[in-house]
Amino acid sequence: MQKDIFLNHELAKLQNIGGQFTKQELLNLRNYVLKKLEYPYLEKAVEESLEKMIDETSAFLKTGAAIGISECVSFPGFYVNILGGESIHGRVIESNTQFDLASITKLYTTLLVFILEDRGFLHYEDQIRDVMPQYDHLYPYNIWDILCMHGEIRTQRRVAEANSKKEAEEILNSIYLYNEDKQIYTYTDMGLIILSKVIEKVMSQNLSMNMSYANIMKNFLLEPLNLSQTTFYPGKNIAGNGRSDFFVHDPKARILGGCVGSAGLFTTSRDLAKLADCLFFHRNGIHTEMVTLLHKKFQNRSKGIGGLYQKYPDLSKTYVPKEYSLHTFASEGSTGSVAIFDVQNHIHNNILIDSIIEETGKKRDNFKWEYNEYQKKITDITLELYLLHQYYKEDYSYVLKL
């Protein structure tokens, strides 16, 4: 196929499935890629794009918004991982450094529920109160309501204020349905925390043995998907937790033992790319219907099931790039890390970050602005790499250190 015809076709396809570009953006992307198609092989063609990616990642670290990073671009047959800086623990970021995912854990919990429902262990319509009588004020509220974050649920006190795990559990028991209007969407950690307790109860009964949430996650999701670097309990080669210890950053997850449905998982860029592959090609127990739910849009809302970000006109309210397809979702954690999955184009980005300051427990004031600028540039480079790979059809895999 002639180069200009190929590019016209690919750019039209991107737009037809929801990608949004200005005329100038399309022209710039087309002209840049067209020049690179003069090279005889992919490795030479992508060289300049990778240099730009390295430069942009170095510049992002120099802003001080983060001290360590693992940035990844992947699609079928293509994988690039840029590593830079170090963790709060003073260790150089490596390809096997496990980052604190914070709320990206919700994506894994959502997938776990899909799999357990598919295998008949639980049902979306199961009432929480019927499974866990101690949550008797959480009615009428079922598993599907939790996943969709319907209405509004509250506890009498903040779980993070507890002084012990026992006290935190007692606060959890006070949870109640504050507003049962299912047209309302209220993002919260509490439902996913409760859901992990429900899963523990249901699976322990089904398997006639005490099962921790960590073991259920490992046995029914992580191991079947070959996510060997994803865990609630990592070693000491970690980043992003903003603590001198090697435990999860999230206060609620910490006081509850480090393993809940809303936060607590650690992973690597490589494992997130493996997850993307399973989602895009429905491998290892992942079905089309499950993936469709992940990018299901709620009317006039930037978030969908499990708190996942969706394509949304106001880009300040979503982490989904406007250039990606309508069937794209993203997950973001309070630690600063983001994972993006374009289901139609089979494009995956993850940007894992060490950004939490131990003294304040927060990110730096300039983080959000600097991150947004960085993600925009990485998106542009990703599209360059995507189009080049679509043309050359050569496998490519590199891990590059700054």
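**The largest pocket and a helix crossing**

The largest pocket has a volume of about 470 Å³ in this predicted model. Of the 20 residues in the lining of this pocket, K322, E323, K376, T379 and D380 are the closest to its centre. The lining of the largest pocket is mixed in character, with eight nonpolar, six polar and six charged residues. Two helices, helix 2 (23-36) and helix 14 (367-392), each supply at least two residues of this lining. Helix 14 gives the most, contributing seven residues to the lining of the largest pocket.

A second region to examine is the packing of two helices. Two packed helices are described by the angle between their axes and by the distance between those axes. For helix 5 (residues 105-118) and helix 10 (residues 213-222), the axes come within 10 Å and cross at roughly 70°. Because angles from 65 to 115 degrees count as roughly perpendicular, helix 5 is roughly perpendicular to helix 10. The crossing of helix 5 with helix 10 is left-handed.

The residues that make this contact can be followed on each helix in turn. Helix 5 contributes Y108, T109, L111, L112, I115 and L116, while helix 10 contributes Y213, I216, M217, F220, L221 and L222. By class, the contact of helix 5 with helix 10 comprises eleven nonpolar residues and one polar residue, with no charged residues. In the lining of the largest pocket, by comparison, six residues are charged.

Technical notes: Residues numbered from 1 in each chain as written. Predicted model: local features only at pLDDT ≥ 70, side-chain atom pairs only at ≥ 80, totals over all residues. Heavy atoms only, no water. Axes fitted to C-alpha atoms, helices over the stretch in contact; angles between N-to-C directions. Helix = DSSP H or I, 4+ residues; strand = E, 2+ residues; numbered from the N terminus. Parallel < 35°, antiparallel > 145°, perpendicular 65-115°, else oblique. Left-handed = near helix turned anticlockwise from the far one by under 90°. Contact = heavy atoms within 4.5 Å. Nonpolar A, V, L, I, M, F, W, Y, C, P; charged D, E, K, R; others polar. 1 Å grid on protein atoms, 1.4 Å probe; cavity = no way out; pocket = protein on both sides within 12 Å on 5 of 7 lines; lining within 4 Å. Points joined across faces, edges and corners; volume = space filled by probe spheres on them.
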